[in-house]
Amino acid sequence: MNESVTTLFEGWRPKVIFWDMWMTLGMSHCREPIGEAQVILSPMQLPIGANRHPIPTGDFLRFCLTNPTNDEVTFAEEASTTFGWDLEPHRLDAFKTLIGKEKNCIALFPEVQEVLDFVQSLGFRQGIISNLWAFPSGRLFTDTVLSRYFTRQDIICSFEVRHPKPDREIFEEACRRFNVRPEDCLMIGDNLTADIKGALSCGMKAALIDRQINVDPMELTRLSEDGYPPVLYMTDLKALRSYLSLCPVSSGWRV
Ligand SMILES: [Mg+2]
């Protein structure tokens, strides 16, 4: 166990544990649907990422993550108007097909239910802070085991708040929903910028899940050199159990 992280958890008990969704609790069968959506809707050539999927432009990504529309025709029309693209019929048909798949895209990681059970058994309140467009949200939060642990109110989505991580507004909205201060929260996520730096910047503590082991450890060292609290590093969510077991027991806030 990392000593500085161990010390952190020995003296501190988060009032709320917030989870990132994608690549933390689950993954999408559609892989990179927003890049695919831009390929379909726009005339642009997009760069291809290391995973061989197209990388959307920053402005299109933000448009998708902050648009509350879950009707694919309205969404495609708004995107085309916003970016000055011609919405030809074959593009709209292809977009409808993509969104049809995206609505059923979720697969939770195998250890997730066991870990959520454990966290719940220790009396921690739990929420989700997700960069998400509206299309998969219906099935994602009602037809999966996530509904056993999270009410819809516990799930803070960028498409509703109109701000994606790492914007501080989405973390502040999460604190408002749970009526807690940022310093009483732990954010767990896989993305160093969106989840970890975003949470630390607004005053939360953070834990990184690095399943692919592709985060440079120097990045975490730099964060602590910048004065942020130590970040818990994990390659498997089960590791969280030993750290949370170090926390002081509840002091009356449990609900
Ligand atoms: Mg993620």
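**Exercise 1. Which domains each give at least three residues to the lining of the largest pocket?**

Work on the predicted model.

Step 1. Start with the pocket itself. Its volume is about 1300 Å³.

Step 2. Go to its centre. Of the 39 lining residues, Trp22, Met23, Glu32, Asp190 and Asn191 are the closest to that point.

Step 3. List the elements that supply two or more lining residues. They are strand S2 (26-28), helix H2 (33-41), helix H3 (58-65) and helix H10 (192-201). H3 gives the largest share, four residues.

Step 4. Assign the domains. Domain 1 (3-28 + 106-244) and domain 2 (33-102) each contribute at least three lining residues.

**Exercise 2. Sort the lining of the largest pocket by residue class.**

Solution. Count 19 nonpolar residues. Then count ten polar and ten charged ones.

**Exercise 3. Find the protein donors of the magnesium ion and place them in the fold.**

Step 1. Pick out the donors. Asp20 and Asp190 each bring OD, and Trp22 brings O. These donors lie 2.1 to 2.2 Å from the ion.

Step 2. Write the spacing in sequence: D-x1-W-x167-D.

Step 3. Locate the two aspartates. Asp20 sits in the loop between strand S1 (16-19) and S2, while Asp190 sits in the loop between strand S6 (185-189) and H10. The pair therefore ties together parts that are 170 residues apart in sequence.

Step 4. Check accessibility. Buried means under 20% relative accessible area, so Asp20, at 5%, is buried. Partly exposed runs from there to 50%, so Asp190, at 25%, is partly exposed.

Technical notes. Residues numbered from 1 in each chain as written. Predicted model: local features only at pLDDT ≥ 70, side-chain atom pairs only at ≥ 80, totals over all residues. Heavy atoms only, no water. 1 Å grid on protein atoms, 1.4 Å probe; cavity = no way out; pocket = protein on both sides within 12 Å on 5 of 7 lines; lining within 4 Å. Points joined across faces, edges and corners; volume = space filled by probe spheres on them. Nonpolar A, V, L, I, M, F, W, Y, C, P; charged D, E, K, R; others polar. Domains from an automatic or database assignment. Donors = N, O, S within 2.8 Å, 3.2 Å for Na, K, Ca; no water. Buried < 20%, exposed > 50% of the residue type's maximum accessible area, 1.4 Å probe, protein only.
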